[in-house]
Amino acid sequence: MFAQPTESLTMTPDRPHQRKGALSNAHVGKAFEGVARDCLAREGVTVTPNFKMRVGVSGKTKEHGFDLGSAEPLVVVECKSHTWTEGDKVPSAKMTTWNEAMYYFSLTPSRARRILFVLHSERQTSGESLADFYIRTYSHLIPDGVEIWEYSESTRRHQIHRP
């Protein structure tokens, strides 16, 4: 189900808001963006970090920096390395950032390839992944054509969801 091995990250919860062994969550995020970039490259998708494009509504636009992207072909990528909480609860505040990514995706041209690259995190009580939970719960916010690439740190592989 998961494909294409790539680099491993060591990202285990230590404190409620910090990953073990990380200088900061920002460092974890940047490292995960590197994993995403490598994984995408192995699939023939070449992207660069902090890809900027103008987006907006009602004729008003502003430059937005996507985590990764390319102009030709037009690809925009947002990366999220969130996990279930220690109590196996939904990380509600983190889901808000996934919703924000969907909103920005909805503002991109229809020709854009939109990818949400997420860390595979499995709920201990049910075995449901955070990506599957998001798709089940928030499908009404996911624009047509968005791909959710779910990367497993333990297998160093990914699977692609097309909700």
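Student: Which residues in helix 3 do M95, W98, N99 and M102 in helix 2 meet?
Tutor: The model is a predicted one. In it, the axes of helix 2 and helix 3 come within 12 Å, and helix 2 passes helix 3 in a right-handed crossing. The residues of helix 3 met by M95, W98, N99 and M102 are L130, A131, F133, Y134 and Y138.

Student: At roughly what angle do the axes of helix 2 and helix 3 cross?
Tutor: Two packed helices are described by the angle between their axes and the distance between the axes. For helix 2 and helix 3 the axes come within 12 Å, and the crossing angle is roughly 65°.

Student: In what order do the 6 strands of the open sheet lie?
Tutor: Strands of a sheet pair through backbone hydrogen bonds, either parallel or antiparallel. Here the pairing is mixed. Strand 3 (48–57) and strand 8 (157–161) are the edge strands, each pairing on one side only, and the twist from one strand to the next averages 35°. The order is 3-4-5-6-7-8.

Student: What is the bridge partner of L119 in strand 7?
Tutor: Strand 6 (residues 113–119) and strand 7 (residues 147–152) run parallel and are joined by 5 bridges. The partner of L119 in strand 7 is Y151.

Student: Which strands does helix 3 touch, and at about what angle to strand 7 does helix 3 run?
Tutor: Helix 2 (residues 92–106) lies across strand 3, strand 4 (60–70), strand 5 (75–80) and strand 6, at about 170° to strand 6. Helix 3 (residues 130–138) packs on the sheet too, touching strand 6, strand 7 and strand 8. The angle between the directions of helix 3 and strand 7 is about 155°.

Student: Which residues of helix 3 are buried?
Tutor: The cover over the buried residues of helix 3 includes helix 2, strand 6, strand 7 and strand 8. Those buried residues are L130, A131, F133, Y134 and I135.

Student: Which residues have the most contacts inside the largest nonpolar core?
Tutor: In soluble globular proteins, nonpolar side chains tend to be buried together. The largest nonpolar core has 24 residues, and strand 3, helix 2, strand 6 and helix 3 each give two or more residues to this core. Leaving aside residues up to four places away in sequence, I148 touches L116, V118, A131, Y134 and I135, among others. The residues with the most contacts inside the core are L116 and I148.

Student: How many residues does the second, separate core have?
Tutor: Its members include V45, V47, V77 and L119. The count for this second core is 16 residues.

Student: Are Y103 and Y104, an aromatic pair, stacked or edge-to-face?
Tutor: A search of the whole structure finds 10 aromatic pairs. In this one the ring centres are 6.1 Å apart, with 65° between the planes. Y103 is partly exposed at 44% relative accessible area, and Y104 is partly exposed at 22%. Planes over 60 degrees apart count as edge-to-face, and the pair Y103 and Y104 is edge-to-face.

Student: Why is the pair F117 and Y151 classed as it is?
Tutor: F117 lies in strand 6 and Y151 in strand 7, 34 residues apart, and both are buried. With F32 and W149 they form one aromatic cluster. Their ring centres are 6.2 Å apart and the planes are at 25°, so the pair is stacked.

Technical notes
Residues numbered from 1 in each chain as written. Predicted model: local features only at pLDDT ≥ 70, side-chain atom pairs only at ≥ 80, totals over all residues. Heavy atoms only, no water. Pairing = 2+ DSSP bridges. Helix = DSSP H or I, 4+ residues; strand = E, 2+ residues; numbered from the N terminus. Axes fitted to C-alpha atoms, helices over the stretch in contact; angles between N-to-C directions. Contact = heavy atoms within 4.5 Å. Phe/Tyr/Trp six-rings, centres within 6.5 Å; stacked < 30°, edge-to-face > 60°. Buried < 20%, exposed > 50% of the residue type's maximum accessible area, 1.4 Å probe, protein only. Core = buried A, V, L, I, M, F, W, Y, C linked by side-chain atoms within 4.5 Å. Left-handed = near helix turned anticlockwise from the far one by under 90°.
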